[in-house]
Amino acid sequence: RALLSAPLLTVAMLQSNRLAAVDGLRACTMLDTLDVSFNAIDDAAALLRTLCGLKRLVSFSLNDNPCVRAAADMAAVRTELLAALPMLRTVNADPVTADVRAIAATRTVLASATLQAEAIAAV
């Protein structure tokens, strides 16, 4: 909650703090570097809602949190982040190349098409 009074914060190194959530960062709109590795974050959807408002974010690390222990979970989070945050340049210290961004865009399109098909089939 103390971070709500730090809107000019640009770097937050919060690894290994047993954090379960980071919604207090929503007000830190100047944040460009965030490391929440080795915490207890288990709600990827809540995390993404917070991060999507941090439009200046260029570097983000989420290693070893319950919400991304499986490789597929990390891939899903990465895809959502890349779709929402065009300035993002590194995720978990891995560079976001044009190829990585293109793969994420393809996954986003495929996921959207799948949801549309399921909605049509349910009618």
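The following paragraphs lead through the fold of this chain, from its overall layout to individual residues.

The model is a predicted one. Its protein chain holds three helices and five strands, and these elements follow one another along the sequence in the pattern β-β-α-β-α-β-β-α. Of the 123 residues in the protein chain, 31% are buried. The chain exposes about 7000 Å², of which carbon and sulfur atoms supply 61%. Contacts also link distant parts of the sequence: among those between residues at least 6 apart, 48% join residues at least 24 apart.

The strands provide a starting point. Five strands form an open sheet in the order β1-β2-β3-β4-β5, and the pairing is mixed. At its edges lie β1 (11–13) and β5 (94–95), each of which pairs on one side only. As a general matter, strands of a sheet pair through backbone hydrogen bonds, either parallel or antiparallel. Here, strand β2 (residues 33–35) and strand β3 (residues 59–61) run parallel and are joined by three bridges. Within this pairing, L34 has F60 in β3 as its bridge partner.

Strand β2 also contains T33. The side chain of T33 makes a polar contact of 2.9 Å with the side chain of D32. Leaving out residues up to four places away in sequence, T33 touches T10, V11, A12 and M13, and also L57 and S59. Three of the residues it touches, V11, A12 and M13, fall within the range of edge strand β1 (11–13), while S59 falls within that of strand β3 (residues 59–61).

Helix α1 comes next. This helix spans residues 44–51, and its buried residues are L47, L48, T50 and L51. Viewed down the axis of α1, the buried residues fall within an arc of 160°, so they line one face of the helix. The partners against which the buried residues of α1 pack are β2, β3 and α2 (71–84). At the start of α1, a side-chain oxygen of D43 comes to within 3.2 Å of the backbone nitrogen of A45.

The interior can then be considered as a whole. The largest nonpolar core has 27 residues, and L34, L57, F60 and L62 are those with the most contacts inside it. Helices α1 and α2 each supply at least two residues of this core, and α2 gives the most to it, with five residues. Two of the residues just named, L34 and F60, are also the bridge partners described for β2 and β3. F60 illustrates how several elements meet: leaving aside its neighbours within four places in sequence, F60 is in contact with L34, V36, L47, L51, L81, L88, T90, V91 and N92. Of these, L47 and L51 are among the buried residues of α1.

Two of the contacts of F60 lie in loops. L88 is placed in the loop between α2 and β4. With a relative accessible area of 0%, L88 is buried. Not counting residues up to four places away in sequence, L88 touches L57, V58, S59, F60, L81, L82, V96 and R101. R101 is 13 residues from L88 along the chain, and the C-alpha atoms of the two are separated by 9.8 Å. N92, in turn, lies in the loop between β4 (90–91) and β5. The relative accessibility of N92 is 11%, and it therefore counts as buried, the limit being under 20%. N92 has a positive phi of about 55° although it is not a glycine.

R18 likewise has a positive phi, near 60°, in a residue other than glycine. R18 is found in the loop between β1 and β2. Its relative accessibility of 77% means that R18 counts as exposed, the limit being over 50%. The two positive phi values thus occur in settings that contrast, with R18 exposed and N92 buried.

The loop between β1 and β2 also holds A27. At 28% relative accessibility, A27 counts as partly exposed. A27 and A6 are 21 residues apart in sequence, yet the distance between them in space is 7.4 Å, C-alpha to C-alpha.

How values were computed:
Residues are numbered from 1 along each chain as its sequence is written. This is a predicted model: local features need pLDDT of at least 70, side-chain atom pairs count only at pLDDT 80 or more; totals for chains, interfaces and linings use all residues. Side-chain values use heavy atoms; hydrogens and water are left out. Two strands pair if DSSP finds at least two bridges between them. Helices (H or I, at least four residues) and strands (E, at least two) are DSSP runs, numbered from the N terminus. Buried means under 20% relative accessible area, exposed over 50%, partly exposed in between (1.4 Å probe, protein chains only). The arc is that of the directions from the helix axis to the C-beta atoms. Contact means heavy atoms within 4.5 Å. A polar contact is a pair of N or O atoms within 3.5 Å; within protein, one must be able to donate a hydrogen and the other to accept it, and residues adjacent in sequence count only if both atoms are side-chain atoms. A nonpolar core is a set of buried Ala, Val, Leu, Ile, Met, Phe, Trp, Tyr and Cys residues joined through side-chain atoms within 4.5 Å. Accessible areas come from the Shrake-Rupley method with a 1.4 Å probe; for residues, only the protein chains shown count as cover.
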